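Biologist: Please take me closely through one short loop and the residues it holds. Then follow the trail outward to the other features worth checking on screen.

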Amino acid sequence: MLAGCTALVLTLTGTAAQARTPAHHDPARQTLPTGDGWASYGTGTTGGAAADAAHVRTVTDWAQFTAALEEGGDAPRIIKVKGVIDAVADGCDAFAVPGYDFDAYLETYAPETWGLERDLTDEPDDSPEGLRRASAAHQDAVIKVNVPSHTTIIGVGRDAAIKGASLQIKGADNVIVRNLTLESPVDCFPQWDPTDGDRGNWNSEYDTVVVHGSTHVWLDHNTFTDGAHPDSEAPTHFGMLYQQHDGELDIVKGADYVTASWNVFTEHDKTILIGNSDSESTAVGDRGKLKATFHHNLFEDLTERTPRVRFGQVDVYNNHFVAGSGYGYSFGVGKESQLVAEHNAFTLPRGISPAKVLKRWNDAPLTARHNLVNGRPVDLIAVHNAEIPEETLRSGAGWTPALRKAVHPAWAVPALVGLGAGAGRLR
C-alpha cells in the first residue's frame, strides 16, 4: 500500500511539474498557466516574459539588483539572481547615525524609569528615540526596493537568495518572483512602545514581500525564512522579546489577483496578512479586492497568520501546515473575509487541538471542507465551535473557487509539497 501511495505521489508530482514547465522552456520567461489561481484572472500574469535582450540582467550583489530594478522604465524586464545577495552586508552599524547608543536607549526608556503610560512620540530628535528614528530611516531607505510592472525576478540554480531586503510590489501590475530564498529583513532599530499592552512591547518594521495596491502577482517556488535570525535566538529587553521581524508576506491596500504556489514559509511569527485594517476608510479600497490563491505551499513551524484575512476572496487548497511548539493558529477570519480552505493537510503535535486551526477575529463565514488533521478527516469549523463556543464561526463563504489547475487529495499533499515546494526545486 505504501509503495502504491508513493508511486501515485510521484506521478502527481511529475504531472504538476510538466504542466508548470514545458520541456526546454526557459523558466525566466515562463508565465503563469491559465487558470492557476487568482493571478491568472483577466489578463493573466506574464511578468517580464516579453523582455528583449537589453532588459535581461544577471545580478550578484545588492547594488546590481537595485540598479536592475530602476533601469528600463516600463519595459518588461527579467532579473536573474545568482548566489546570495545581502542588502545589509555591512551590518546594522552602517545605518546608525552619530550618537545613537542602544545602551543609552535602554537606560532612558526602562519601565522603572520611564513608566508604561507615555509613548515616545514626542521625544526630540536628539533624544535616544530621536536618534533611533533617524537610524531606522537610513535602513528603510536602503533595504526597501520597489518592483515595477512587467518584471520577473528569478533565482538561478538551487542557492539563489536575497537577505535582509523588503521587496515592495507597490502600485504595479504583472510581477513574478520565483526560485528564491528570501531571508526576512532584520529591523536593526525596533521601537519600544511602553503603552502597547500591559507590559509594553517592541515593534518592528519591514515585511519580506509587500503587495501594496498591485495586481497580477505570482509568487512561486520561494522559501520565506528568518534564516540566521530566528525569534528563538532573540534576546529579551524590559522582559519582552526584542522583536526584529514583521511579516513574511503582506497583501494590502487594494491589492488584487495574487497566486502563491509551491512556496515554503517557515520559522516566523506573523506570517501572511491580507488586508491590514478594519477601518472603514481602508475598507472602501479593499472591498471587492484582495483576491488571492494559496496552493501547494508548506507552512512549517509558524506561529500565526497563514493567512489572516480581511475582505478578500481567498482560496487556500492543497497546502501542508506543520505546527511547532509555538503554534497559535493557521487561518485568521477577519472583517468581511471570504475564506475557502479545502483539501489541506495539517500535522499537529500532541496536545494541540484542531480547534486552534481557525481563529475568529470578526464574524465572517468561511468554507472549510475535505481537510485532514494528522491523516484523519476533520470538520474544522465544527471542532472549533465545539471547543471555543465564544468564538462561533459560520459556514459558507458564499463563493466557489474556479481558478484551480489541479486539486490533489489531501492525503497526498504532505508528500507532494515535501518533494516540490520551496526554492531550488523549480522544474
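**One loop, and where it leads**

Modeller: L290 sits in the loop between α6 and β21. Keep in mind that this is a predicted model. L290 has a positive phi, near 60 degrees, and is not a glycine. Most residues other than glycine have a negative phi. L290 is also buried, because its relative accessible area is 0% and the cut-off is under 20%.

Now step to K291. It belongs to the loop between α6 (280-286) and β21 (292-295). K291 carries a charged side chain, yet it counts as buried, at 9% relative accessibility. What does K291 touch, leaving aside its neighbours within four places in sequence? Its contacts are W38, A255, D256, Y257, V258 and Q313.

Follow D256, Y257 and V258 next. Their numbers fall within β18 (256-261). The loop between β18 and β19 holds W262. W262 has a positive phi too, about 55 degrees, and it is not a glycine. W262 counts as buried, at 4% relative accessibility.

β19 leads on to the largest pocket. The pocket holds about 730 Å³ of space. Its lining has 30 residues, and the closest to its centre are S204, D246, G247, K270 and R305. β19 (264-270) gives two or more residues to that lining. So do β7 (166-170), β11 (201-203), β12 (209-212), β17 (249-252) and β20 (272-274). By class, the lining has 12 polar, 10 charged and eight nonpolar residues.

R305 is a good place to turn. Further along the chain, T306 and P307 are joined by a cis peptide bond, with omega about -5 degrees. Most peptide bonds are trans. P307 lies in the loop between β22 and β23 (308-309).

T306 also lines a cavity, the second largest. The whole structure has two cavities of 30 Å³ or more. The second largest holds about 60 Å³ of space. Its lining includes F299, L302, T303, E304, F321 and Y327. β22 (298-304) and β25 (320-322) each give two or more residues to the lining. The largest share, four residues, comes from β22. By class, seven lining residues are nonpolar, three polar and one charged.

One covalent link remains. The whole structure has one disulfide. It joins C92 and C188, with sulfur atoms 2.0 Å apart. The link is left-handed, at -75 degrees about the S-S bond. C92 lies in the loop between β3 (84-86) and α3 (102-109), and C188 in the loop between β9 (181-183) and β10 (191-193), so the pair ties together parts 96 residues apart in sequence. C92 is partly exposed, at 29% relative accessibility. C188 is buried, at 9%.

Last, the record. An unreviewed UniProt entry annotates residues 121-352 as "domain: Pectate lyase". In the model, that span is 43% strand and 10% helix. Its end C-alpha atoms lie 40 Å apart.

Definitions and conventions. Residues numbered from 1 in each chain as written. Predicted model: local features only at pLDDT ≥ 70, side-chain atom pairs only at ≥ 80, totals over all residues. Heavy atoms only, no water. Disulfide = S-S within 2.5 Å. Buried < 20%, exposed > 50% of the residue type's maximum accessible area, 1.4 Å probe, protein only. Contact = heavy atoms within 4.5 Å. 1 Å grid on protein atoms, 1.4 Å probe; cavity = no way out; pocket = protein on both sides within 12 Å on 5 of 7 lines; lining within 4 Å. Points joined across faces, edges and corners; volume = space filled by probe spheres on them. UniProt positions renumbered as here; feature names shortened; annotations may be inferred.
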